[in-house]
Amino acid sequence: MARDELLKQRWNTIVDKLSAQFADGDRLDLDAIIYLIGVQELGQLDRKFKKDHKIDLMHIAICKLLVPYGFYEFDYVDEEGWPHYKVLEELPHLKAGEQSILMKDAIVNYFLATEFID
């Protein structure tokens with residue numbers, strides 16, 4: 001199977017599983033999945049978040065997802081339990097479609113590593 005086709009298949013599996021679990025079957029989009037990863041990484045699963053914290057959660061997720069690509073490195077957890085990352089390499093300027101593919105690839109790898117999918 002071609003790499004693009006495998007990525008698409010795995011991505012759809014992730015979307016289907018997470019949508020069933022968190023959205024009553026409505027299809028989650030890329031941003032919603034990034035948000036869920038941020039909540040998972042923070043580890044405060046039963047907490048309600050304000051809008052500014054939701055953006056922070058997405059930032060946590062993006063950093064975590066891009067660690068294997070060499071863009072970020074985990075730095076520390078602050079006194080409130082929030083993880084912090086340091087930039088190792090600036091992200092290249094990518095077109096919207098290229099950003100989407102990078103993030104989907106990173107998300108697929110994240111869920112492969114956590115054995116949410118195989």
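Biologist: How are helix 2 and helix 3 oriented to each other, roughly parallel or roughly perpendicular?

Modeller: In this predicted model, helix 2 and helix 3 are roughly perpendicular to each other. Their axes cross at roughly 85 degrees and come within 7 Å. An angle from 65 to 115 degrees counts as roughly perpendicular.

Biologist: Which residues of helix 2 and helix 3 meet?

Modeller: From helix 2, the residues are Asp31, Ile34, Tyr35, Ile37, Gly38, Val39, Glu41 and Leu42. They meet Lys54, Leu57, Met58, Ile60, Ala61, Ile62, Lys64 and Leu65 of helix 3. By class, that contact divides into 11 nonpolar, 1 polar and 4 charged residues.

Biologist: And helix 3 with helix 4, at what angle do the axes cross?

Modeller: The axes of helix 3 and helix 4 cross at roughly 75 degrees and come within 9 Å. That angle makes helix 3 roughly perpendicular to helix 4. On the helix 3 side, Ile62, Lys64, Leu65 and Leu66 take part, and they meet Leu102, Met103, Ala106, Ile107 and Tyr110 in helix 4. This contact of helix 3 with helix 4 has 8 nonpolar residues, 1 charged residue and no polar ones.

Biologist: Turning to the interior, how many residues has the largest nonpolar core?

Modeller: The largest nonpolar core has 26 residues, and Ile33, Ile37, Ile107 and Phe111 are those with the most contacts inside it. At least two residues of this core come from each of helix 1 (3-22), helix 2 (30-42), helix 3 (51-66) and helix 4 (96-113). The largest share, 7 residues, is supplied by helix 4.

Biologist: Is there another core, and which residues are among its members?

Modeller: Another core, of 6 residues, lies apart from the largest one; Leu42, Leu57, Ile60 and Trp82 are among its members.

Biologist: Back to Ile107 for a moment. What does isoleucine 107 touch?

Modeller: Not counting residues up to four places away in sequence, isoleucine 107 touches Trp11, Ile14, Leu30, Ile33, Ile34, Ile37 and Leu65.

Biologist: What about aspartate 105: buried or exposed?

Modeller: Aspartate 105, which is found in helix 4, counts as buried because its relative accessibility is 12%, and buried means under 20%. Leaving aside neighbours within four places in sequence, aspartate 105 is in contact with Arg3, Leu7 and Tyr69.

Biologist: And glutamine 21, buried or exposed?

Modeller: Glutamine 21 has its place in helix 1 and counts as exposed, at 51% relative accessibility. The cut-off for exposed is over 50%. Its C-alpha atom is separated by 19 Å from that of alanine 113, and the two residues are 92 residues apart along the chain.

Biologist: Now the strands. How do strand 1 and strand 2 run, parallel or antiparallel?

Modeller: Strand 1 (residues 72-77) and strand 2 (residues 83-87) run antiparallel and are joined by 5 bridges. Phenylalanine 74 has tyrosine 85 in strand 2 as its bridge partner.

Biologist: How many residues lie between strand 1 and strand 2 in the hairpin?

Modeller: The hairpin has 5 residues between strand 1 and strand 2, and glycine 81 in the turn has a positive phi of about 90 degrees.

Biologist: Which residue other than glycine has a positive phi?

Modeller: Glutamate 115 is one such residue, with phi near 60 degrees. Most residues other than glycine have a negative phi. Glutamate 115 is found in the segment after helix 4 and counts as exposed, at 70% relative accessibility.

Note on methods:
Residues are numbered from 1 along each chain as its sequence is written. This is a predicted model: local features need pLDDT of at least 70, side-chain atom pairs count only at pLDDT 80 or more; totals for chains, interfaces and linings use all residues. Side-chain values use heavy atoms; hydrogens and water are left out. A nonpolar core is a set of buried Ala, Val, Leu, Ile, Met, Phe, Trp, Tyr and Cys residues joined through side-chain atoms within 4.5 Å. Buried means under 20% relative accessible area, exposed over 50%, partly exposed in between (1.4 Å probe, protein chains only). Helices (H or I, at least four residues) and strands (E, at least two) are DSSP runs, numbered from the N terminus. Contact means heavy atoms within 4.5 Å. Axes are lines fitted to C-alpha atoms, for helices over the stretch in contact, and angles run from 0 to 180 degrees between N-to-C directions. Angles under 35 degrees count as roughly parallel, over 145 as roughly antiparallel, 65 to 115 as roughly perpendicular and the rest as oblique. Ala, Val, Leu, Ile, Met, Phe, Trp, Tyr, Cys and Pro count as nonpolar, Asp, Glu, Lys and Arg as charged, and the others, Gly among them, as polar. Two strands pair if DSSP finds at least two bridges between them.
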